[in-house]
Structure formats: C-alpha cells, structure tokens
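This report introduces a structure to a reader who has not met it before. Please consult the sequence and the model while reading.

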Amino acid sequence: MSDTGSLQRLHRVQQLDLNLDTLRAEEGNIPDALRDARAQQSQLNNDLEDTEITLEDVEKRLRQQEQDLATTREQIVRAREEQEKNAFDARAQSQYGSRIQMLGERADEMEEDLVPLRERRRELSERASQLREQHRALRPTLNDLETQDDTRIQGLRDQGEADRQERAGLVADLDTRTVREYDMIRKAKKGLGVVEIRAGRCTGCNVVLPVNVQQRAALGKLPPVKCPSCGRFLIRLDLG
C-alpha cells in the first residue's frame, strides 16, 4: 500500500471515529422524562431517609419518656404501699401524702409532654408511609423509562457496529506507530488528529502553512507531516 493510500485510510478512520464520537455523545443525552423520573426518585429517597431518621429520634425520645413515666408510677405505687405499712401518725401520713402528690404531679407533666411527641410520631409515620407509596407508584414508570433508554442506547451501539468493524479493518493495514500517534493527537486536539490543507491553511487551527510544509504534506508520505502550529497530521485530499 502506498503512503498516500495509508493517509487516505487514516483520514477515513477519523471520519469513522467522529461518527462514533457522535453516537457516544448521543448515549449520554438522557431523555427528559427519564431524567425527571430519576430526580423524583432521588428526592423521594432523600425525603424518606430524612423522615425515617427523624422518626427514629422521636421514637427513641418517646420510649425514654414512657419509661420514665412508668418508673414514676411505680414509685407512686410503692409510696402508697409504704404509707399503708409505715404511716402510723398524722405527720407520717402527711409526709407520704406530699411525696405521693409530688410524684403524681410529675407523672401528669410527663403525660402532657408525651402528647406532642406521640402526635409527632403519628405525623412522621404517615409521612414515611406516603413517601413509600409514592416511591412504589413511581417504580413501574421509572422501570419502563429505563428499559426504553437501554433500548435506545443499544440501538445507537448497533448503529455504530458497522463503523467499528470498518475502522478495525482499516487500522489493521496501517502502521501501528502512526495509528498510535494519531490517537494521541486526536485525544489532545478535540477529536481531530488529521486535518486538510485548504488554501494554504491548516483547517485544524487556521494558521497559514509555510510553503515547504505544504509541499511535503502534498507528497502524502509517511511519517505524516504535522502542522507546525497545532501538531495535527496534514493531508491533501485533492491528490490524484
């Protein structure tokens, strides 16, 4: 194969690479409906997690206060039992009575404090239940959208299969070092490793090329001539 033919093949490889770049970019273009559904699911997950954490804290406080109330009530029972056994005069009766009254008042306060906590627990439990239901309701729609997107992506990959096969065939007949350098340049130069010379200019960076560079590039020999400005391989496509 002539050097000129090799450069033509390399240029064709680049055309295929650009086509494949476009298809890969399309893969990343997530449909709005899917993006919105994913965002909704993420928000529901965050809201549910926050609600469950708050609910857990409320339940912990509620259990502690209920335990404290139960302990206070036990103290009242014991105080009454002691009153019956040990209070033999008015003074002792009064002392036990004061203690029982104090414990009773404390128990009443605890009962009052439990009311808003129990209401908060009820609200949070209902909120968590609603969020779980919304999550369940969203799941079929999200699954359908994910399946549709998987099909879309697979279609794009199938579409690029012919280009990948053609590229592999072309690269197999090209100099390995030249292909490797082309790949490095293309990666560094926004997808273009081989650019045409038009009207004496590099179409990659638009610099006016020295005449001797144009002449050497026009020969189409390997290793490819590079633009002295941007470093891309230069090619003349009007060669006979």
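Leaving out neighbours within four places in sequence, Leu69 is in contact (heavy atoms within 4.5 Å) with Ala107, Met110, Glu111 and Leu114. The structure is a predicted model, in which local features need pLDDT of at least 70 and side-chain atom pairs count only at pLDDT 80 or more, while totals for chains, interfaces and linings use all residues. Residues are numbered from 1 along each chain as its sequence is written, and side-chain values use heavy atoms, with hydrogens and water left out.

**Nonpolar cores**

Leu69 and Ile76 touch the most other members of the largest nonpolar core, which has 13 residues. A nonpolar core is a set of buried Ala, Val, Leu, Ile, Met, Phe, Trp, Tyr and Cys residues joined through side-chain atoms within 4.5 Å. Buried denotes under 20% relative accessible area, exposed over 50%, and partly exposed the range in between, with a 1.4 Å probe and protein chains only. Helix H2 (32–86) and helix H3 each supply at least two residues of this core, and the largest share, seven residues, comes from H3. Another core, of twelve residues, lies apart from it, and includes Leu7, Val13, Leu174 and Val194. Helices (H or I, at least four residues) and strands (E, at least two) are DSSP runs, numbered from the N terminus.

**The annotated span**

An unreviewed UniProt entry carries the annotation "domain: CT398-like coiled coil hairpin" for residues 13–189. UniProt positions are given in the numbering used here, feature names are shortened, and annotations may be inferred rather than shown by experiment. In the model, residues 13–189 are 94% helix and 0% strand, and the end C-alpha atoms of the span lie 16 Å apart.

Arg127 belongs to helix H3 (residues 90–172). Apart from residues up to four places away in sequence, Arg127 touches Asp47, Thr51 and Gln134. Between Arg127 and Leu55 there are 9.8 Å from C-alpha to C-alpha, although the two are 72 residues apart in sequence. Arg127 counts as partly exposed because its relative accessible area is 33%.

**Backbone features in loops**

Two residues other than glycine have a positive phi, as the table shows for Lys190 and Ala199.

| Residue | Phi | Loop | Relative accessible area |
|---|---|---|---|
| Lys190 | near 55° | between helix H4 (176–188) and strand E1 (194–198) | 82%, exposed |
| Ala199 | about 50° | between E1 and strand E2 (201–202) | 82%, exposed |

A cis peptide bond joins Leu222 to Pro223, with omega near -5°. Pro223 is located in the loop between helix H5 (211–219) and strand E3 (233–235).

**Cysteines**

How many disulfides does a search of the whole structure find? It finds zero disulfides, a disulfide being a pair of cysteine sulfur atoms within 2.5 Å. Cys202 is in no disulfide, and the nearest cysteine sulfur, that of Cys230, is 3.7 Å away. Cys202 counts as buried because its relative accessibility is 0%.

Why is the sulfur of Cys205 not in a bond with that of Cys227? The sulfur of Cys227 is the closest cysteine sulfur to that of Cys205, but it lies 3.7 Å away and is therefore too far for a bond. Cys205 has a relative accessible area of 32%, so it is partly exposed.
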